[in-house]
Amino acid sequence: MIRVGVIGFGLAGQSFHAPIIHTTPGLELACIVERSGSLAPKIYPNVRAVRTVDELLADETIQLVAVATPHNSHFELARRCMLAGRHVVVDKPFTVTSAEARELIKVAAQQKRVLSVYQNRRYDGDFLTVKKLVQSGVLGDVVEYEARYDRYRPDPRPNWRDQPGPGSGILFDLGPHLIDQALILFGTPLAVNASILRQRGFAIDDAFDVCFEYPKLRALLRARILAYAPGPHFLIHGTKGSFSKYGMDPQEDPLRRGELPGGEHWGEDPQELWGTLSVAGAEPRKVKTEIGDYRNLYANVRDAILGKAPLEVTAEQGFRTMRAIELAQQSSGERCWVPWNEG
């Protein structure tokens, strides 16, 4: 049993780390750092709640720490925990610069610690479906890939994500999901082109179009806050056919409501939201969405710590995602294509 501590009990800690850790076999949610408020002991009365990171690290039985704090604190907290001998999972985005990502990779190697990024959207059922279709060849050679997050939130929220500062704005919030998925499917692009927008007129970006250029395809990654009528979450065109999928993975809403993962139908997509596969010469058909389960990310981290499996979401992949964000910022600022480079 690996004892786990969680630093931060806002949205990320409450909805995307604590309940997933709590219900993953082989992991014990042992400690939660909640700097203010008292939600943690109410939700998890048998878990130790503390106010400071020092108190968490003083418990030498805790082997793994999840950093679920504001983006601009990820680097210092992850570094501190690894130097204290802990394995670490960092919420996305990994850091706010690729230089910070490189430094964390270096520290993890020196300390011989497992370091991962919480890219839970790799374990969305719809992405697993897309990955399976692309790899199967049923679409032929993919020539155009589009993935997008559409939301409708005309007014900024009163939290750090919607306030100016390092790591704020939609590119850092939703961009890592879309970028990570594209890099997993297609690898490193040749070049990046981006438009980062402020459609609501506030001080932070609230929309983006990021395009990855590959030798034979383009991957368009998009997000909007002013999208009352959402477009397709995935739209893929290949030499043999197309696939479209509306709606989001069903795990987030119950997690936000405080429900724990598990049960017979956890992660099941309703049939009306299954994607449509249209192949040349055949009638369009619905494709059952694969079952998603965010617990698989922490189960893999558990197995990597125990030496039973290679780590699936690596810190090196986290670095590539951060580098892609920097290149997108450069492209948007200069209004041009930017060749991929490691910085």
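Q: Which residues is Asp91 in contact with in this predicted model, leaving aside neighbours within four places in sequence?
A: Asp91 is in contact with Ala12, His17, Val67, Ala68, His74 and Tyr118. Asp91 itself is found in strand 5 (residues 87–91).

Q: Why is Asp91 said to have no salt bridge?
A: The nearest side chain of opposite charge, Lys92, is 5.0 Å away. A salt bridge requires a nitrogen and a carboxyl oxygen within 4 Å, so Asp91 and Lys92 do not form one. Asp91 is buried all the same.

Q: What makes the link between the side chains of Asp91 and His17 a polar contact?
A: The two side chains are joined at 2.8 Å. The cut-off is 3.5 Å, so this distance falls within the limit.

Q: Why is the aromatic pair of Tyr145 and Phe234 called tilted?
A: This pair belongs to a structure that holds 7 aromatic pairs. The ring centres of Tyr145 and Phe234 are 6.3 Å apart, and the planes meet at 50 degrees. Pairing needs centres within 6.5 Å, and stacked means under 30 degrees and edge-to-face over 60, so this pair is tilted.

Q: How do you know that Tyr145 counts as buried?
A: Its relative accessibility is 0%. Buried means under 20%, so Tyr145 qualifies. Phe234 is also buried, with a relative accessible area of 0%.

Q: What are the residues with the most contacts inside the largest nonpolar core?
A: They are Phe94, Leu115, Tyr145, Val210, Phe212, Leu221 and Tyr298, in a core of 102 residues. Helix 11 (residues 315–334) gives the largest share of this core, 7 residues.

How values were computed
Residues numbered from 1 in each chain as written. Predicted model: local features only at pLDDT ≥ 70, side-chain atom pairs only at ≥ 80, totals over all residues. Heavy atoms only, no water. Phe/Tyr/Trp six-rings, centres within 6.5 Å; stacked < 30°, edge-to-face > 60°. Buried < 20%, exposed > 50% of the residue type's maximum accessible area, 1.4 Å probe, protein only. Core = buried A, V, L, I, M, F, W, Y, C linked by side-chain atoms within 4.5 Å. Helix = DSSP H or I, 4+ residues; strand = E, 2+ residues; numbered from the N terminus. Lys, Arg positive; Asp, Glu negative; His and termini not counted. Polar contact = N/O pair within 3.5 Å; in protein donor to acceptor, adjacent residues only side chain to side chain. Contact = heavy atoms within 4.5 Å.
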